[in-house]
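Me: I am new to this structure and would like a close look at a single part of it, the aromatic rings and what surrounds them. Please take me through it carefully.

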Amino acid sequence: MSDVKVSIIIPVYNPGNLLINCLNSVKDQTLQEIEVLCIDDGSTDNSLEILNDYSNKDSRFKIFTQKNQGAGFARNVGINNAGGEFIIFLDSDDWIESDMCEILYNQAKSLGVDLMLFNSIRHLEDNKTRDLIHFDNNFNENYKKFTFNYKYIKDKVMNGYFGVIWTKFYKTSFIKENDIFFTQHKMFNDVEYHIKSLLLAKSIAYCPKVLHHYMMIGQPSLQSSYTGSYDSICFYDVMVGVREFLISHDFMDEFRIEFLNYSFFYFKSKLNVMDSKYKSEYFSKIKSFFETTNITFSELKKINPIYVNFYLHLINSSSYDQFEFLNSHYDERLMSVIDLDYLPIEFDEFIENSFENTNCYINVLENNVLKLNEELESSKRDVVNLKSKANKLNEKEILINDLNGDLKILKQDIANLKLEIEELSFSKIKLENEIKYLKNNNYNLSVENKKLKQEIDEIKSSKLWKLKNM
């Protein structure tokens, strides 16, 4: 249909009676030149019967059927068959204002934009609502004349709250020419779509009206129903796709920190709610993702400290059980008080190359704790750290041979010096945990203390020899 102005694409999967309200809101649009592409995704209720009834009465309704393959696949069917100038994506349990298409079409045509943003309202239990407003009161432009690109809304690109497709009005030619289609995952299939469309749109406009209604009453979303299931592991593939897109289209440098924070937040939150049966597999995927992302130390200093803590636990764990052990023994709040600027310069180079050395990991987490290790004599980095520490604390006569006291005295000294004594940042507490890992996770405190004392004696002997021959 060459005269179709707007194609409304609706994937349908068991929405129940809410489907009728959705279809009525579409049928009653003040803009008549529309087509409604309804893709039944293998519904097992009476949805297909309802769709056929509307189609028989109104030729603008076009019905497609498929076995259950997910909303992303269904929406792609709609895109491929869309004949309108613009596209709207609508879920089958939501509804739209009667003048939505007319308002958005007229503004989009007038401004010649690829994409328009508009507002929505969420309907919650107990007659409560929550607005999804793109700009609140901080949009001071004449919206009927003003256009922009992603730079004006950079904070909304890597943003899960605004990363929804049902508050956007797309120019069909823009979507097809840029090959913007949905991934085939049952979950999170709109994440990459949102990011791609915002970044590739040359011109964007904003309509400050609430035109869409999102139903959250008695109708659990696919996201929530699949939360913790094996299907949700696909978020790894989604983020790999986002990363590849940012790199291939030269956006990564500009969005590097936003991308990292976004990745940390969602990987961390989704791992927390993952069913215990799948946590190990998901952990391995997340670890692989960050190992191949090549995060530098300077980037870590720009990231939320809680995510840094999560990242270091992740990178330094060989299994999910080990990761959980670190989480249970190191309070995440600790990272919020660590000043990464106090780390020695040598650590910057080390971080950029590898995070496998647990000594450096402990150094970052504790900052005020120096690591005593039975293999310390082979680690030149630890010696450099000790010397650097001594230089910074030149008002305090801290010599390596002072470490001949027993572990109890050393622990008390470290506690008294706290964060300002960097040279003594190999504390008894973290030493116990490290030796547990180095000695097949033997967490017996009494055995650990004996081994630590032996290590201190070895270090002392090694250092005294070095001092003697300086």
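Reply: R243 lies over the face of F289, at 4.6 Å from the ring centre; a charge is said to sit over a ring if NZ of Lys or CZ of Arg is within 6 Å of the ring centre and within 35 degrees of the ring normal. This is a predicted model, in which local features need pLDDT of at least 70 and side-chain atom pairs count only at pLDDT 80 or more, while totals for chains, interfaces and linings use all residues. Residues are numbered from 1 along each chain as its sequence is written, and side-chain values use heavy atoms, with hydrogens and water left out.

A second charge of this kind belongs to K154, whose charged end sits over the ring of F255, 5.1 Å from its centre.

To return to F289, a search of the whole structure finds 43 aromatic pairs, where rings of Phe, Tyr and Trp (its six-membered ring) pair if their centres lie within 6.5 Å, and planes under 30 degrees apart count as stacked, over 60 as edge-to-face and the rest as tilted. One of these pairs is F135 with F148, an edge-to-face arrangement with 6.3 Å from centre to centre and 85° between the planes. This pair links distant parts of the chain, for F135 and F148, 13 residues apart, are both in the loop between β7 (129-132) and β8 (168-171); helices (H or I, at least four residues) and strands (E, at least two) are DSSP runs, numbered from the N terminus. F135 counts as buried because its relative accessibility is 5%, and F148 is likewise buried, with a relative accessible area of 6%; buried means under 20% relative accessible area, exposed over 50% and partly exposed in between, with a 1.4 Å probe and protein chains only.

F289 itself pairs with F267: the ring centres are 5.1 Å apart and the planes at 55°, so the pair is tilted. Because F267 lies in helix α9 (residues 252-273) and F289 in helix α10 (residues 279-291), the pair ties together parts that are 22 residues apart in sequence. Both F267 and F289 are buried.

F148 also leads to S203, which lies in the loop between α6 (191-200) and β9 (204-215). Leaving aside neighbours within four places in sequence, S203 is in contact (heavy atoms within 4.5 Å) with G112, V113, D114, L115 and F148. S203 counts as buried because its relative accessibility is 15%.
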